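Reader: I'm new to this one. Could you show it to me and let me ask how you arrive at the words you use?

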Amino acid sequence: MFSSEGPGLRELAVQALSSVERGYDLLAPRFDHTPFRTPDRFLDAVAGALAPLGPFQDGLDVCCGTGAGVRVLAPLCRGGVTGVDFSAGMLAQARAAHRAGGPAPRWVRADVRSMPFAAGFDLAVSFGAFGHFLPAERPGLFAGVRRALRPGGLFAFPIGAPPPVTSAWYWAFAGFDTAMRVRNAVRRPPFVMYYRTFPLGAVRDDLERAGFDVALRPLAEFGRRPDGSPRARLVLARRT
Ligand SMILES: C[S@@+](CC[C@H](N)C(=O)[O-])C[C@H]1O[C@@H](n2cnc3c(N)ncnc32)[C@H](O)[C@@H]1O
């Protein structure tokens, strides 16, 4: 899962003992060689599903990291593309990686729990970051994204179906989350990263309460589970 250029176990352990922000600062130079960077096949599936809904004017990547979401936003947005993240290290990598070719994205350092934008975007996306927010933080996060969008603007992100209890992934995620809870009970600052705190039903309720109309699209590229439900969906939350 990690390439030879990726971080070693010791580096990952040091990262996990830091705050989220500091942890990503440390990981930033090697982040693109880890499985935590959203794979292109996911980005391309989302771009394909969004294309018929566009074009859009201005796009925002929420928790942009090293800028994976630019691959989705740049071809869909006629205006500018902005990435927002609180890790200066991740933003430095993003800036360096997206220097060449096409109009340069704007990189903004901010905590997205206090989103610093108002009615500036028509499309917001987010990839691979929701595990960093406690359920109680979701209403504030969604309200901030809504505020950042113009009326009628779209907030889109992929969400995977939870693995069945019979699968190894189910137990791996449950074990990871338990280890994180123990770590956070005994050590400060907390490192908030959980795999099972972003269930579709509760997320949909929070989006609707924040003032979005929510629709779901299956991402066909990832197939279906034995019960026929999609393995991955695109959440399309439109600012009402
Ligand atoms: C797993 S990385 C995902 C990066 C990128 N979206 C991708 O898919 O490759 C999570 C990112 O979320 C950012 N992040 C976590 N909590 C944040 C917060 N409260 N405000 C801003 N950024 C945050 C981290 O700094 C990190 O860059």
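Author: Here are some questions and answers about helices, domains and the ligand. Keep in mind that this is a predicted model.

Reader: Why are H6 and H8 called oblique to each other?

Author: Helix H6 (residues 138-148) and helix H8 (residues 200-210) have axes that cross at roughly 50°. Under 35 degrees would count as roughly parallel, and 65 to 115 as roughly perpendicular. The angle fits neither range, so H6 and H8 are oblique. Their crossing is right-handed.

Reader: Which residues make the contact of H6 and H8?

Author: H6 brings Arg138, Pro139, Phe142, Ala143 and Arg146, while H8 brings Asp206, Leu207, Arg209 and Ala210. By class, that's five nonpolar, no polar and four charged residues.

Reader: What makes a residue part of the shell around the ligand?

Author: Its C-beta atom, placed from the backbone, has to lie within 6 Å of the ligand. Here 21 residues surround the ligand, and the closest are Thr38, Cys63, Gly65, Ser87 and Phe127. The shell has 11 nonpolar, six polar and four charged residues.

Reader: Which domains does the shell around the ligand draw from?

Author: It draws at least three residues from each of domain 1 (1-36) and domain 2 (38-162 + 199-239).

Reader: How do you know that domain 1 touches domain 2?

Author: Residues are in contact if their C-beta atoms lie within 7 Å. The contact takes nine residues from domain 1 and 11 residues from domain 2, though the domain centres are 22 Å apart, taken over C-alpha atoms. On the domain 1 side, there are six nonpolar, no polar and three charged residues.

Note on methods
Residues are numbered from 1 along each chain as its sequence is written. This is a predicted model: local features need pLDDT of at least 70, side-chain atom pairs count only at pLDDT 80 or more; totals for chains, interfaces and linings use all residues. Axes are lines fitted to C-alpha atoms, for helices over the stretch in contact, and angles run from 0 to 180 degrees between N-to-C directions. Helices (H or I, at least four residues) and strands (E, at least two) are DSSP runs, numbered from the N terminus. Angles under 35 degrees count as roughly parallel, over 145 as roughly antiparallel, 65 to 115 as roughly perpendicular and the rest as oblique. A crossing is left-handed if the near helix is turned anticlockwise from the far one by less than a right angle, and right-handed if clockwise. Two residues are in contact if their C-beta atoms, placed from the backbone, lie within 7 Å. Ala, Val, Leu, Ile, Met, Phe, Trp, Tyr, Cys and Pro count as nonpolar, Asp, Glu, Lys and Arg as charged, and the others, Gly among them, as polar. Domain bounds come from an automatic or database domain assignment.
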